[in-house]
Amino acid sequence: MKHVLFGGDGFVGRVLADRLVKDGEEVVVCDIARGDVPHYAHCRFINLDVTDRAQFDKVDIAADDMVYNLSAKMLSPLQIRAKRHEFFWPVNYYGTENIIDKMAASEAYRLVHYTTDMIYGHTFTYPQTEEHPANPLGEYGLSKLATEDLAARWRERGMRISLFRPRLIIGPGRLGILSKLFKLVDYNLPVPMIGAGRNPYQFISVFDCAEAARLAWKAGVPNEAYNLGSDNPPPVRKLLGDLVRHAGSRSFLLPTPGWAVKRTLDLFDLVNLPIMDPEQYLIADEMCILDCSKAKEQLGWSADYRDEDMLIAAFDEYRGGLAAGDRGAQATPKSKATA
């Protein structure tokens, strides 16, 4: 048996591939680009674009292989309204369809697939369990929800598919939308909040996220969906206040009327000058906290990293990148279509 990771050179994929290699497993990484990471000395890499069905001939999947889909287009970089469907759907939905079709042709039946908490949309019940209504607010969430419907159809045909719905994944190597926040703090500028900042904001560590996939394999790939998020997320005001103090910044937090900010951001989005994606700002002042007890009970999973520590570590990496840039080094990794 081998582990085949589509999008395995991305953010979560690199961590998962490294852990599986250290477990002594045979690992094959399929991705559009290959980074300079040590575990490639012990696993195989196949250059592959999941949107091109013909390229799947490069991959030999056996019936007892374990398959993981980590390929995805994310909410960063920002896209204008007219471009969002064509940006998200080819990789997120049709790429997933190509992977499952390849598995079916190979008679492989076990898949771990990442979707997103963005399938939930606005908060109707708190905390959000896996049974929370699904009502995505944009093309990213819609493309991911469509893959869950696809998975449901293939489960009826005998596949075992574990789905993971993570909150915002952070860790070494990805800043994304956080870079805007960090610039404000670094330049001692006011940090506006959408609302009063009393609602919590929940992250998930890339390491905790990757471990969930490994545990799903160990558990026999349950036909279930699982939320992934940190434990006891603090209010936004405390989270950002701790960051400002850690940075030694003169920035201050600026509460705003949430409804007014959202309507302003809607206007910028309407005229193709997006500042944030609607899927982010429309829920920014809501109680979007995932209940992760199901993953803990069924998989033995735990969230080992705190939001406060993750955000500060990401800021320190941001500052380290700036320092490297001053020395002529590359400050940030290139953008890729992988989770």
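These are my notebook entries on what I looked up in this predicted model.

**Entry 1, the sheet.** I began with the strand order and found seven strands in one open sheet, arranged 3-2-1-4-5-6-10, with parallel pairing. Strand 3 (44-47) and strand 10 (225-228) are the edge strands, and because each has a single partner strand, one side of each is left without a neighbour in the sheet. I also noted the turn between neighbouring strands of this sheet, which averages 20 degrees when direction is ignored.

**Entry 2, strands 2 and 3, and the helix on the sheet.** Next I followed the pairing at strand 3, where four bridges join this strand to strand 2 (residues 26-31), the two running parallel. Within this pair I looked up Asp31, and its bridge partner in strand 3 is Asn47. I then turned to helix 1 (residues 11-22), which packs on the sheet and touches strand 1 (2-6), strand 2, strand 4 (66-69) and strand 5 (110-114). The direction of helix 1 makes about 170 degrees with that of strand 1.

**Entry 3, strands 5 and 6.** Strand 5 is joined to strand 6 by five bridges, and these two strands run parallel. His113 stands opposite Leu163 in strand 6. I asked myself how many of the seven residues of strand 6 (residues 160-166) are buried. The count is six, so strand 6 is largely enclosed by the rest of the structure.

**Entry 4, Ser162.** I picked out Ser162 as a residue of strand 6, and with a relative accessibility of 0% it counts as buried, the limit for that class being under 20%. Leaving aside residues up to four places away in sequence, I listed what Ser162 touches: Leu111, Val112, His113, Arg155, Ala216, Val221, Pro222 and Glu224. For a distance check I took Tyr140, which is 22 residues from Ser162 in sequence and 20 Å from it in space, C-alpha to C-alpha.

**Entry 5, backbone points in the loops.** Val221, which is among the contacts of Ser162, has a phi near 60 degrees, a positive value in a residue other than glycine. Val221 lies in the loop between helix 5 (206-218) and strand 10, and I record it as buried, its relative accessible area being 0%. I looked for another positive phi and found Asn232, at about 50 degrees, which is likewise not a glycine. Asn232 belongs to the loop between strand 10 and helix 6 (236-247), and at 71% relative accessibility it counts as exposed.

I then checked peptide bonds, and the one joining Ser76 and Pro77 is cis, with omega about 5 degrees. Pro77 sits in the loop between strand 4 and helix 2 (84-106). The bond from Tyr126 to Pro127 is also cis, with omega near -10 degrees, and Pro127 is placed in the loop between strand 5 and helix 3 (139-155).

**Entry 6, a patch on the surface.** Last I looked at the surface, where Leu267, Phe268, Leu270, Val271, Leu273 and Ile275 form a nonpolar patch with about 560 Å² of accessible area together. I followed up Phe268, which lies in helix 7 (residues 258-270). Is Phe268 buried, partly exposed or exposed? Its relative accessibility is 35%, so I entered Phe268 as partly exposed.

Technical notes
Residues are numbered from 1 along each chain as its sequence is written. This is a predicted model: local features need pLDDT of at least 70, side-chain atom pairs count only at pLDDT 80 or more; totals for chains, interfaces and linings use all residues. Side-chain values use heavy atoms; hydrogens and water are left out. Patches are made of residues with over 30% relative accessible area and no salt bridge: like charges are joined within 9 Å, nonpolar side chains (Val, Leu, Ile, Met, Phe, Trp, Tyr) within 5 Å. Accessible areas come from the Shrake-Rupley method with a 1.4 Å probe; for residues, only the protein chains shown count as cover. A salt bridge is a side-chain nitrogen of Lys or Arg within 4 Å of a carboxyl oxygen of Asp or Glu. Buried means under 20% relative accessible area, exposed over 50%, partly exposed in between (1.4 Å probe, protein chains only). Two strands pair if DSSP finds at least two bridges between them. Axes are lines fitted to C-alpha atoms, for helices over the stretch in contact, and angles run from 0 to 180 degrees between N-to-C directions. Contact means heavy atoms within 4.5 Å.
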